[in-house]
Amino acid sequence: MQAPPLASSSAWAAILAAPARLCWSRRGALRLEAKAGWRSARGPRVPAKGAVLASELVGPLPPLVARNEQDLILHIRNEVEKGNLSADVADALEELYRNYKNAVRQNRDPNAHAIMLSNMMALFDCVLLDAENPFTFPPYHKAFREPFDYYMFGQNYIRPLIDFSNSYVGNISIFHDMEEKLRHGHNVVLMSNHQTEADPAIIALLLERSNPWISENIAYVAGDRVVTDPLCKPFSMGRNLICVYSKKHMHDFPELIDMKRRANTRSLKEMALLLRGGSQIIWIAPSGGRDRPDPLTGEWHPAPFDTSSVDNMRRLLEHSGVLGHIYPLSLLCHEIMPPPQQIEKEIGEQRVISYHGVGLSVAEEIKYGDITIHIQNVDESREKFSEILYNSVADQYNVLKSAIFRGLDFSMKLPSFLSTQQLNCYSATLQFFQENLLNFGIRTHTNLGGEGCYYPANPV
């Protein structure tokens, strides 16, 4: 299986140049409709910031019109009275609406209110549809792109929460190298930290211009909570997912342990089949859950990796019969939608949302054989490989944090395992930050220190 060619630059120009206008969809929700550029351009349909309010496609529910906040709240409460929506889900929707409204307003887009209302109406429609006809996720779920495009719905919902002028992508050339490998039938695994329920959309949004094929084709190893929570399910339906039960929640309900283990076995088999076909890119968080701040200091750090999870993924990759590559990926986006302070058993957490810059970075491929060549003990080899991957993620995270939060500890020790080329890139990045501390996020800085280093995610 070969990865398809990327969209041409002329196609992107046509998309980004397309003007947008407000209109009413058949469902009644406000949306921005781009003109001819949408229809004539080839490749992924990704407009400029704020150019889309809700998904283009129309869902199967009866028309619902929400011209203002009162209409939306009234629709939600009417569905509760009709028995179509539970009171707890309705309450969660109203709370989410208020938090989302306040966050979207922070981006100062002149269409912010219309964007917010349209996106919330689209989410309400999706939640209501699932309440009436619940969808059960299989072990491997392929993103629903038609007749309703759940992928673009998720992109458009999260887009107005990102401050692109203060968002960064690190080592973009490595993402290009990945795409070359995928084109040649290789598999790629991204070992990553995990911060929010919105991680898949944030990754896709940061890469949608430079690496659109990766944005749309990553398969995410996802825990059960995002495929069972009524407010999460519509977003999950727009992603390629390998559905598993996290170790952190395996023993929440003892009577379900055997069922969860059997389900995880089925998911591993599905993943093995995918990898045998080649050209797969899989994201996994070996920590088994989202990062959380230190309870004493409030500082955020990537959660430690579980060695067995890293090793299981590595062995699946090696035994697929297809060339495979493992990359450490770092993600910083906790301000957008931080998780609860404590791990919760029950489904249906409170969602605090804000508008903020985010960051994504990848480092060079790390090979198990290179790391463990002088280690005789198998367990020590596995621990060392997991440790090296985690350290890379943590070091990249620190650089992203320094860029986004505009503070840098220049005495920060450079990671000892980086190659000379990586060290040069890393040092150039630090030097740039030191020299331009007051200029972070200025979009004319399109490269922060040479090919492959950190640069703003949305340069002009």
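The chain folds into 15 helices and 11 strands. Keep in mind that the model is predicted. Of its 460 residues, 57% are buried. Among contacts between residues at least 6 apart in sequence, 75% join residues at least 24 apart. Here are three exercises to work through with the structure open.

**Exercise 1. Helix α3 on its own**

Check the span of α3 against its 13 residues, then find out which of its residues are buried and how they are arranged around the axis.

*Solution.*

Step 1: At 1.5 Å a residue, the 13 residues of α3 should span 18 Å, and the end C-alpha atoms lie 19 Å apart, which agrees.

Step 2: Now pick out the buried positions of α3, which are Leu72, Ile73, His75, Ile76 and Glu79. Looking down the axis of α3, these buried residues fall within an arc of 155 degrees, so they line one face of the helix.

Step 3: Turn to the face of α3 that points away from the buried side; there you meet the exposed residues Gln70 and Glu81.

Step 4: Finally, ask what the buried residues of α3 pack against: the partners are α4 (87-105) and α5.

**Exercise 2. How α3 meets α5**

Describe the packing of helix α3 (residues 69-81) with helix α5 (residues 112-132), and sort the residues of their contact by chemical type.

*Solution.*

Step 1: Two packed helices are described by the angle between their axes and the distance between those axes.

Step 2: For α3 and α5, the axes come within 11 Å and cross at roughly 10 degrees. Angles under 35 degrees count as roughly parallel, so α3 is roughly parallel to α5.

Step 3: List the residues that make the contact. From α3 come Glu69, Leu72, His75, Ile76 and Glu79, while α5 supplies Leu117, Met120, Met121, Phe124 and Leu128.

Step 4: Sorting the residues of this contact gives 7 nonpolar, 1 polar and 2 charged.

**Exercise 3. The surroundings of Ile366**

Locate Ile366 among the secondary structure elements, decide whether Ile366 counts as buried or exposed, and name the residues it touches beyond four places away in sequence.

*Solution.*

Step 1: Ile366 sits in the loop between β10 (359-362) and α13 (368-372).

Step 2: The relative accessibility of Ile366 is 9%. Buried means under 20%, so Ile366 counts as buried.

Step 3: Leaving out residues up to four places away in sequence, Ile366 touches Ile326, Pro328, Ile371, Phe385, Ile388, Leu389 and Ser392.

Step 4: Take Ile326 from that list. Ile366 and Ile326 are 40 residues apart in sequence, yet their C-alpha atoms are 6.0 Å apart in space.

Technical notes:
Residues numbered from 1 in each chain as written. Predicted model: local features only at pLDDT ≥ 70, side-chain atom pairs only at ≥ 80, totals over all residues. Heavy atoms only, no water. Axes fitted to C-alpha atoms, helices over the stretch in contact; angles between N-to-C directions. Helix = DSSP H or I, 4+ residues; strand = E, 2+ residues; numbered from the N terminus. Parallel < 35°, antiparallel > 145°, perpendicular 65-115°, else oblique. Contact = heavy atoms within 4.5 Å. Nonpolar A, V, L, I, M, F, W, Y, C, P; charged D, E, K, R; others polar. Expected span 1.5 Å × (residues − 1). Buried < 20%, exposed > 50% of the residue type's maximum accessible area, 1.4 Å probe, protein only. Arc of directions from axis to C-beta.
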